[in-house]
Amino acid sequence: MTSDAETQPEAEGSASHDVPISDELRAAIAADWDPAPVMPHPARTDGQPYWARRREALSAAFPGQLVVVPAGPLKARANDTDYAFRAASSFTWLTGETVESAVLVMTPTSSGHDSTLYVVEYAAPGQIEYFTDRVHGALWVGNVPSPTETGDALGITTRPRRDLASDVAAWRDRDSAVLTGFDPDVDALFARSDGKKLGEVLDELRLIKDEWEIARLQDACDVTALGFADVARELPTLVARGTPRGERWLEGTFWRRARLQGNEVGYTSIVGAGARGTTLHWWRNDGRVDAGQLLLADMGVETDELYTADVTRTMPVSGEWTPDQLRVYQAVYEAQSAGIAEVKAGADFLAAHNAAMWVLADHLYSWGILHVTADVSCAEDPESPKAGLHRRYTLHGTSHMLGIDVHDCALAREETYRKGTLAAGHVLTVEPGLYFQTNDRSVPESLRGLAVRIEDDILVTDGAPVNLSASLPRDPADVTAWMREVQSTPAVP
């Protein structure tokens with residue numbers, strides 16, 4: 001990458017190996033610039049009323065307190081190169097902004113709070129940093145919207161980040177609600193802050209998705225479906241060529257779709273062919289993809305607004321199921337269908353899990369793998385004799401909340417989440433699986449190395465559950481028909 005621009009080491013944003021500049025060159029650099037090109041803010045302005053309502057809800061939870069929610073700074077990946085930035089989820093949920101080092105400050109008033117968004121103001125043409133600053137210099141990273149343009153797009157009062165410290169100085173020794181652990185420079189401005197309570201309140205507010213969020217999640221699922229089609233389309237070529245590390249080719253294929261029509265992937269993709277699918281978090285993705293295997297792919301696109309899908313499909317690499325593959329797949333499909341049917345307002349969060357596990361345990365018993373009935377293995381009391389024995393093959397829970405994080409709202413209290421009741425606006429995954437390890441002597445040899453997981457993103461309503469990822473088929477016959485269809489058509493950018 002570029003490393004030797006005409007900068008001096010002591011200039012802001014420069015590196016130790018940069019070439020020093022003379023005073024004459026410094027003066028020349030500062031002269032003869034037109035104003036920087038306008039950079040429209042990328043946010044969807046239709047989110048403004050929703051972001052404002054979310055801030056109002058947070059304001060009601062912290063009357064009289066200063067509330068501070070940072071986006072977080074850049075993080076170094078290696079020396080002076082940084083990871084691609086991804087803002088703190090609660091910050092983006094409250095503001096619609098996604099840039100690094102921004103900070104939301106909500107100052108208490110007699111009627112609630114006044115909100116101010118602090119954003120980094122990049123150097124303008126004529127300032128030496130316009131040329132020298134590799135972090136916030138436009139000649140290095142491109143122009144960005146001004147604070148005023150940001151405020152207009154997001155519907156919020158906006159100020160330069162450099163004013164933050166002086167603006168909040170009076171609150172240093174007063175009780176404040178600061179989301180700590182995201183920006184150390186922000187944390188240092190406050191001696192007394194209740195970050196734990198703020199994180200908990202924010203995550204509990206985020207449990208119920210509004211209509212704008214549901215639309216973004218639908219967008220994520222729709223693009224994710226296109227990415228899965230891209231992956232299925234590549235399978236015949238990978239098999240024919242015997243491509244080493246074919247799993248990585250498929251991972252990159254999906255990533256390309258995510259970058260084209262979204263921000264990124266919402267999490268590291270899991271692409272496991274054959275026995276590698278039995279590893280729950282198979283992230284190395286460095287294996288071959290061969291004829292006769294099952295491919296387990298757990299992937300999701302994150303939208304530009306940072307909402308992510310989380311979908312898993314298991315498909316036969318050759319396009320047709322073997323009898324053993326179909327037997328295991330059909331059991332998981334039935335379990336997932338039973339779980340989805342339990343996703344309804346007023347039901348326990350764990351209802352989908354319990355229904356899916358009973359179906360899987362029943363199949364395991366009928367196959368002679370599990371030596372107790374489903375009623376015994378799925379007993380409500382986990383300490384009862386023989387309870388939970390099916391978990392050797394099912395391994396994980398069936399559901400988690402989904403939204404602006406793939407495992408959304410993790411700071412919510414247990415009584416509002418895992419032990420809570422579903423309500424309209426919740427979005428959760430339903431993702432049962434069966435995993436038969438290659439070295440498991442309790443499993444018939446013909447099933448060892450098989451892994452099946454099916455995962456969809458389900459919206460809770462006051463009526464029937466809505467499968468946001470339903471455009472991807474689940475029925476085993478529909479899966480193979482879909483594979484034939486997408487493999488007969490070219491990819492569409």
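# Exercises on rings, charges, cores and strands

Ring pairs tie Tyr-50, Trp-51, Trp-212 and Tyr-307 together into a cluster. Keep in mind that this is a predicted model. Let's start with that cluster.

## Exercise 1: the aromatic cluster

**Task.** Work out which kind of aromatic pair Trp-51 and Trp-212 form, and where in the chain the two residues sit.

**Solution.** Start with what you need to look up: a pair of aromatic rings is described by the distance of the centres and the angle of the planes.

Step 1. The structure has eight aromatic pairs in all. For Trp-51 and Trp-212, the centres are 5.7 Å apart and the planes meet at 80 degrees. Centres within 6.5 Å make a pair, and planes over 60 degrees apart count as edge-to-face. So the Trp-51 and Trp-212 pair is edge-to-face.

Step 2. Now place the partners. Trp-51 belongs to helix α2 (residues 48-61) and Trp-212 to helix α10, so this pair links distant parts of the chain, 161 residues apart.

Step 3. Check the surroundings. Trp-51 and Trp-212 are both buried. Another member of the cluster, Tyr-50, has Arg-53 over its face, at 4.8 Å from the ring centre.

## Exercise 2: three salt bridges

**Task.** Take the salt bridges Lys-196 with Glu-200, Asp-230 with Arg-257, and Arg-418 with Glu-414. For each one, give the N to O distance and say what you can about burial and placement.

**Solution.** The idea is simple: side chains of opposite charge can pair when their charged atoms come close. The structure holds 32 salt bridges, and these are among them.

Step 1. In the Lys-196 and Glu-200 bridge, the closest N and O atoms are 4.0 Å apart. Because the two residues are four apart in helix α9 (residues 195-205), about one helical turn separates them. Lys-196 has 67% relative accessibility, so it counts as exposed.

Step 2. For Asp-230 and Arg-257, the closest N and O atoms are 2.8 Å apart. This pair links distant parts of the chain: Asp-230 lies in helix α10 and Arg-257 in helix α11 (residues 246-261), 27 residues apart. Asp-230 has a relative accessible area of 7%, so it is buried. Arg-257 is also at 7%, and therefore counts as buried.

Step 3. Arg-418 and Glu-414 bring their closest N and O atoms to 2.7 Å. At 39% relative accessibility, Arg-418 is partly exposed. Glu-414 is partly exposed as well, with 37%.

Step 4. Beyond single pairs, look for a network: salt bridges link Arg-86, Asp-203, Arg-206, Lys-209, Glu-302, Asp-405 and Asp-408.

## Exercise 3: the nonpolar cores

**Task.** Find the residues with the most contacts inside the largest nonpolar core, then list what Phe-436 touches.

**Solution.** A reminder first: in soluble globular proteins, nonpolar side chains tend to be buried together.

Step 1. The largest nonpolar core counts 94 residues, and Leu-434 and Phe-436 have the most contacts inside it. Helix α10 supplies the largest share of this core, 13 residues.

Step 2. Leave out residues up to four places away in sequence, and Phe-436 touches Thr-278, Val-328, Leu-364, Trp-367, Ile-369, Tyr-393, Val-443, Leu-447, Arg-448, Gly-449 and Leu-450.

Step 3. Apart from the largest core lies another, of 14 residues, including Ala-352, Met-401, Leu-422 and Ile-458.

Step 4. Go back to Trp-367, one of the residues Phe-436 touches. Arg-327 lies over the face of Trp-367, at 5.1 Å from the ring centre.

## Exercise 4: strand partners

**Task.** Map the partners of strand β4 (residues 103-109), then trace the open sheet that contains β16.

**Solution.**

Step 1. On β4, five of the seven residues are buried. Strand β1 (residues 66-70) runs antiparallel to β4, joined by four bridges, with Pro-70 partnering Val-103.

Step 2. Seven bridges join β4 to β5 (residues 112-119), again antiparallel. Pro-108 stands opposite His-113 in β5. A hairpin makes the connection from β4 to β5 through two residues.

Step 3. The open sheet has three strands in the order β13-β16-β17, with antiparallel pairing. Its edge strands are β13 (427-430) and β17 (466-467), each pairing on one side only.

Step 4. Four bridges hold β13 and β16 (residues 456-459) in antiparallel pairing. Leu-428 stands opposite Ile-458 in β16, and Ile-458 also appeared in the core of 14 residues.

Technical notes: Residues numbered from 1 in each chain as written. Predicted model: local features only at pLDDT ≥ 70, side-chain atom pairs only at ≥ 80, totals over all residues. Heavy atoms only, no water. Buried < 20%, exposed > 50% of the residue type's maximum accessible area, 1.4 Å probe, protein only. Pairing = 2+ DSSP bridges. Core = buried A, V, L, I, M, F, W, Y, C linked by side-chain atoms within 4.5 Å. Contact = heavy atoms within 4.5 Å. Phe/Tyr/Trp six-rings, centres within 6.5 Å; stacked < 30°, edge-to-face > 60°. Lys NZ or Arg CZ within 6 Å of the ring centre and 35° of its normal. Salt bridge = Lys/Arg side-chain N within 4 Å of Asp/Glu carboxyl O.
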